[in-house]
Amino acid sequence: MSSHFSSICFMLRCTIIRSKGDSSMELTNKIIAVTGGARGLGFAMAERLGKAGARLALLDLNADNLDSAVSKLSSSGIDARAFVVNVADETSVTQAFADILDQMGAVSGLVNNAGVTKDALLIKAKEGEVQKRMTLDAWKSVIDVNLTGAFLCGREAATQMIEADQEGVIINISSISCAGNMGQSNYSAAKAALNALTVTWAKELARYGIRTGSVAPGFINTEMTASMRPEILENIASGVPLKRLGEADNIAQSVEFILTNDYFSGRVIECDGGLRL
């Protein structure tokens with residue numbers, strides 16, 4: 001082994017040793033924006049990050065739900081503020097992030113969680129006769145919120161991080177449906193595209209100290225699943241290797257991991273109880 005190569009190895013070892021004590025992003029007083037943050041998964045993420053010391057900018061379409069969420073978080077000593085936004089509308093998103101900057105400062109993290117579903121088969125036919133088709137409105141409305149909304153919010157967050165000369169993290173909430181799911185052409189396409197954005201942005205934004213990540217939840221206990229009949233929930237749970245649905249905080253833990261692990265970028269965490277083994 002040459003002396004030059006030995007010197008390089010020695011310097012690398014020293015660099016690794018020096019960096020071991022500085023391996024995570026400290027969440028205390030970091031401003032984290034969470035879209036769809038007033039309820040369900042978004043609220044669970046906000047609550048966990050707030051307990052870790054983050055300051056929360058909750059973005060949602062419903063002002064009443066936002067006020068309720070902020071009140072609950074504030075009662076736990078968490079600093080949270082409400083920002084009404086339609087993530088599918090460029091002007092609304094631009095204004096919301098300008099308000100966050102004005103009232104709180106530049107964001108250090110963004111969780112693109114806002115999403116909707118409008119499920120339908122592409123084509124439903126019987127005996128050679130087409131009876132129903134997925135409408136263009138059902139396609140566009142899901143793409144607009146789930147994908148375009150993430151693009152618009154991601155662009156604003158990255159702009160703030162760069163202009164504030166600070167590192168940051170952008171997280172997209174995907175779904176195991178990104179692999180394709182019957183009746184969800186629109187939703188599956190949007191979630192698969194989110195994963196592609198995560199990889200693309202990781203490559204483009206790394207030079208500015210911005211990392212990315214995706215979390216793909218499986219079947220999770222939320223308001224939506226709580227409204228299902230018990231036998232349907234039991235059938236769903238039986239198909240999961242762990243034989244149970246996940247909890248909202250399981251997804252929040254995955255989000256916290258991405259935020260705090262400074263060598264994680266451009267990858268997808270599938271938190272689904274082993275469903276996609």
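**Exercise 1. Describe the largest pocket of this predicted model by its volume, its lining and the elements that contribute to that lining.**

Solution. Begin with the volume: the largest pocket holds about 1,300 Å³ of space. Next, turn to the lining, which comprises 41 residues, and among these Gly115, Val116, Thr117, Tyr187 and Met224 are the closest to the pocket's centre. Then assign the lining to secondary structure: helix H2 (40–51), strand S2 (55–60), H5, helix H6 (185–205) and helix H7 (223–226) are the elements that each give two or more residues. Finally, sort the lining by class, which yields 17 nonpolar, 19 polar and 5 charged residues.

**Exercise 2. Work out the strand order of the open sheet, its edges and its twist.**

Solution. The sheet is open and is formed by 7 strands with parallel pairing, in the order S3-S2-S1-S4-S7-S8-S11. At its edges lie strand S3 (80–84) and strand S11 (267–271), each of which pairs on one side only. From one strand to the next, the twist averages 20°. For a single pair, take strand S1 (residues 31–35), which runs parallel to S2 and is joined to S2 by 5 bridges; here Ala33 stands opposite Ala57 in S2. Helix H3 (residues 63–75) lies across S2 and S3, and runs at about 175° to S3.

**Exercise 3. Characterise the packing of helix H4 against helix H5.**

Solution. First the geometry: H4 (residues 90–103) and H5 (residues 136–163) pack at an angle of about 30°, their axes being 10 Å apart, and the crossing is right-handed. Then the contact, in which H4 residues including Val93, Phe97 and Leu101 meet H5 residues including Leu152, Arg155 and Gln160. By class, the residues of this contact divide into 7 nonpolar, 2 polar and 3 charged.

Methods
Residues numbered from 1 in each chain as written. Predicted model: local features only at pLDDT ≥ 70, side-chain atom pairs only at ≥ 80, totals over all residues. Heavy atoms only, no water. Axes fitted to C-alpha atoms, helices over the stretch in contact; angles between N-to-C directions. Helix = DSSP H or I, 4+ residues; strand = E, 2+ residues; numbered from the N terminus. Left-handed = near helix turned anticlockwise from the far one by under 90°. Contact = heavy atoms within 4.5 Å. Nonpolar A, V, L, I, M, F, W, Y, C, P; charged D, E, K, R; others polar. 1 Å grid on protein atoms, 1.4 Å probe; cavity = no way out; pocket = protein on both sides within 12 Å on 5 of 7 lines; lining within 4 Å. Points joined across faces, edges and corners; volume = space filled by probe spheres on them. Pairing = 2+ DSSP bridges.
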